[in-house]
Amino acid sequence: SSDLFTVQANNVTLDFNGYNITGDDSGADYGVNVDGYNNSVIKNGEIYDFGGSGIYLKNNKNNNITSITANSNDIGIWLDSSSNNTLTDNTANSNEYLEGLYATGIYLSSSSNNIITNNTANTNNVVGIYLVSSSNNNQIKNNTANSNINHGIYLQSSSNNTLTNNMANSNNVLGIYLVSSSNNNITNITANSNTDTGIYLYSSSNNTLTAVTSNSNSNYGIF
């Protein structure tokens, strides 16, 4: 299998106009692949069953992804070494292990200064929203990350992020999990009814938690 759309210029708009594309559940391929090009707009469509990710942004900046459904891929939307992008009003649910990647709704790796707002990342096989490898200074706002098999929102080695008005409920392990992540600001968060703990900080310092609701978790509200 191969990528369906490959963007190879700056300032490209890919408007699905409500249509969908579907992969074959195999191979590390992408529905939309933007590698090294900037100022793309990807909007108004549905992307299913790609073994790599529904949308893959690598080594780029100033792209806008809006009103996309990226379900049942290995990763829904993947930002890799990409900065200053905006993800708004997207759905990334039920992504699963197809090619042994991360089974995550929205995945940021070494990607900073992005805005992730009004997205839904539920029922993924591992994590709803996952920031890793120095994904710093991102704004994560008004998102829902519920009922994921492991964690709702997971920050690993990622600092100076702002998490505001997010819900991370009914995940099978942790609602919000910070590992080796410092100086993050977590405000107006709901992390209820998770199977283990609502908010878990491990080897993480100087984080600020304000107006947090973390009830009815099986072990701890905040640990």
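Two exercises with worked solutions follow, on the fold of the whole chain and on one residue within it.

The model is predicted, so local features need pLDDT of at least 70 and side-chain atom pairs count only at pLDDT 80 or more, while totals for chains, interfaces and linings use all residues. Residues are numbered from 1 along each chain as its sequence is written, and side-chain values use heavy atoms, with hydrogens and water left out.

**Exercise 1.** Determine which secondary structure elements the protein chain contains, and how its radius of gyration relates to the globule rule.

*Solution.* Begin with the DSSP runs (helices are H or I with at least four residues, strands E with at least two, numbered from the N terminus): the protein chain has 20 strands and zero helices. Next, take the radius of gyration over C-alpha atoms and the globule rule as 2.2 Å times the number of residues to the power 0.38. The chain gives 16 Å, close to the 17 Å from the rule for 223 residues, so it is as compact as a globular protein of that length. Finally, along the principal axes the C-alpha atoms fill a box of roughly 45 × 30 × 25 Å.

**Exercise 2.** Locate Thr 144 and establish whether Thr 144 is buried or exposed.

*Solution.* Thr 144 lies in the loop between β13 (139-141) and β14 (151-156). Its relative accessible area is 16%, and buried means under 20%, exposed over 50% and partly exposed in between, with a 1.4 Å probe and protein chains only, so Thr 144 is buried. Leaving aside residues up to four places away in sequence, Thr 144 touches (heavy atoms within 4.5 Å) Asn 119, Thr 120, Ala 121, Asn 122 and Met 167. For the protein chain as a whole, buried residues make up 52% of the 223.
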